[in-house]
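Here is a short report on one helix pair and one internal space. Have the model open as you read.

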Amino acid sequence: MTFAVPVVDIAPYVTDGTTEARARTAAEMDAACRTVGFVQIVGHGVAAGITDGLATAMDGLFERPLDVKSRYRTPPEVNRGYSPPKSESLSLSLGVESATRMNDFFEAFNVGAAASWFPGLDLPQPDYAENTWPDVPGFQDAVLAYFHEAARVARTLTAVFADALGLPAGFFDRFTGHSIDVLRMNNYALPPGQIDLDGDLTGMGEHTDYGIVTVLWADRVAGLQVLGGDLAWHDVMPDPGALLVNLGDLTARWTNERWLSTLHRVKPPVVDGRIERRRSAAFFHDGDLDALIETIPTCLAPGEAPTYPPITVGEHLTAKLAGSRAGVRNVSAERDAARVRAAT
Ligand SMILES: O=C(O)CCC(=O)C(=O)O
Ligand SMILES: [Fe+2]
């Protein structure tokens with residue numbers, strides 16, 4: 001079976017497209033979300049200068065020595081700041097121990113929507129934690145410029161989703177007024193000599209994303225793998241200028257898995273004993289902490305029962321992040337864990 005990540009042009013939703021053009025985009029999105037759960041989007045309107053600025057900011061931070069970066073660490077329950085290599089284990093968000101019992105070797109820096117961005121709402125900590133900004137010239141401005149563009153794209157996508165699912169326009173807006181949005185900037189590189197490259201090396205362990213939708217910028221360097229319907233891992237790389245988009249668990253719950261929250265991982269190839277540096281930035285659009293996510297009745301066939309009980313965004317994220325960031329195995333993701341064990 002050939003595996004491909006469909007390309008969807010969302011320009012009709014970014015600019016004022018015709019009804020026919022929007023309907024075409026929505027139909028293509030529905031097909032991609034049903035079959036793959038990963039999409040490449042073009043026509044998103046994010047200027048190359050903004051993504052270049054993000055990449056430069058990431059380089060400015062990640063090239064600093066570990067002891068400098070480590071000043072920007074936060075406790076595991078605060079999803080902000082710097083995560084050193086091997087401090088997280090994404091497969092534990094599914095309850096799956098990695099084969100080597102070694103944590104993932106990526107390093108990351110997280111920024112997110114903070115309570116102070118929503119004056120008057122009195123949003124709780126640590127879910128809307130204030131950001132820790134590193135002392136890297138231009139970092140904050142460049143990262144925030146990309147963050148706001150990625151947020152615009154994520155909201156545009158939920159407008160496409162509403163049409164694609166035959167829901168009223170603006171259906172998702174009441175779940176996302178103060179969405180827990182987080183940008184995780186990832187760097188897959190290991191200082192030479194730090195690790196045995198013959199081992200079963202995991203850049204980022206297998207996982208599904210936790211929220212509504214993820215907008216992923218990535219270097220055109222191999223490493224990202226997506227689990228297909230054939231239960232085989234497939235290499236995925238974005239087309240030039242495209243952003244990758246994947247659905248998260250909350251959308252799978254809403255749609256009773258008519259749309260897929262697809263398992264993925266990062267396994268960088270080792271060439272001549274070295275790992276090629278790869279950078280990515282995942283923007284997670286996770287919804288409001290207190291939003292209740294229940295299966296959308298029109299996503300159920302007559303007589304079909306919802307697979308998942310209702311859950312709040314906060315409850316779901318807490319279980320997932322306890323796995324990846326604090327090493328507490330998540331036992332409520334049995335179905336995904338079984339798919340990982342069955343994969344070849
Ligand atoms: O690095 C990548 O391409 C994927 C990153 C990812 O899956 C994540 O941060 O959740
Ligand atoms: Fe992911």
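Helices α3 and α5 cross with left-handed geometry. This is a predicted model. Helix α3 covers residues 48-62 and α5 covers residues 139-164. Their axes lie 8 Å apart, at an angle of about 135 degrees. An angle of 115 to 145 degrees falls outside the parallel, perpendicular and antiparallel ranges, so α3 is oblique to α5.

Which residues of α3 and α5 meet? From α3 come Ile50, Thr51, Gly53, Leu54, Ala57, Met58 and Leu61. From α5 come Phe139, Ala142, Val143, Ala145, Tyr146 and Glu149. By class, this contact has 10 nonpolar, 2 polar and 1 charged residues.

Now the internal space. The structure holds 1 cavity of 30 Å³ or more. The largest cavity has a volume of about 130 Å³. It is lined by 17 residues. Closest to its centre are Met204, His207, Leu216, His264 and Ala282. The lining has 8 nonpolar, 6 polar and 3 charged residues.

The elements that give two or more residues to this lining are tabulated here.

| Element | Residues |
|---|---|
| β5 | residues 181-188 |
| β6 | residues 204-207 |
| β7 | residues 213-218 |
| β11 | residues 264-266 |
| β14 | residues 278-285 |

Which element gives the most to the lining of the largest cavity? Strand β14 does, with 4 residues.

Key:
Residues numbered from 1 in each chain as written. Chains lettered and ligands numbered in written order. Predicted model: local features only at pLDDT ≥ 70, side-chain atom pairs only at ≥ 80, totals over all residues. Heavy atoms only, no water. 1 Å grid on protein atoms, 1.4 Å probe; cavity = no way out; pocket = protein on both sides within 12 Å on 5 of 7 lines; lining within 4 Å. Points joined across faces, edges and corners; volume = space filled by probe spheres on them. Nonpolar A, V, L, I, M, F, W, Y, C, P; charged D, E, K, R; others polar. Axes fitted to C-alpha atoms, helices over the stretch in contact; angles between N-to-C directions. Parallel < 35°, antiparallel > 145°, perpendicular 65-115°, else oblique. Left-handed = near helix turned anticlockwise from the far one by under 90°. Contact = heavy atoms within 4.5 Å.
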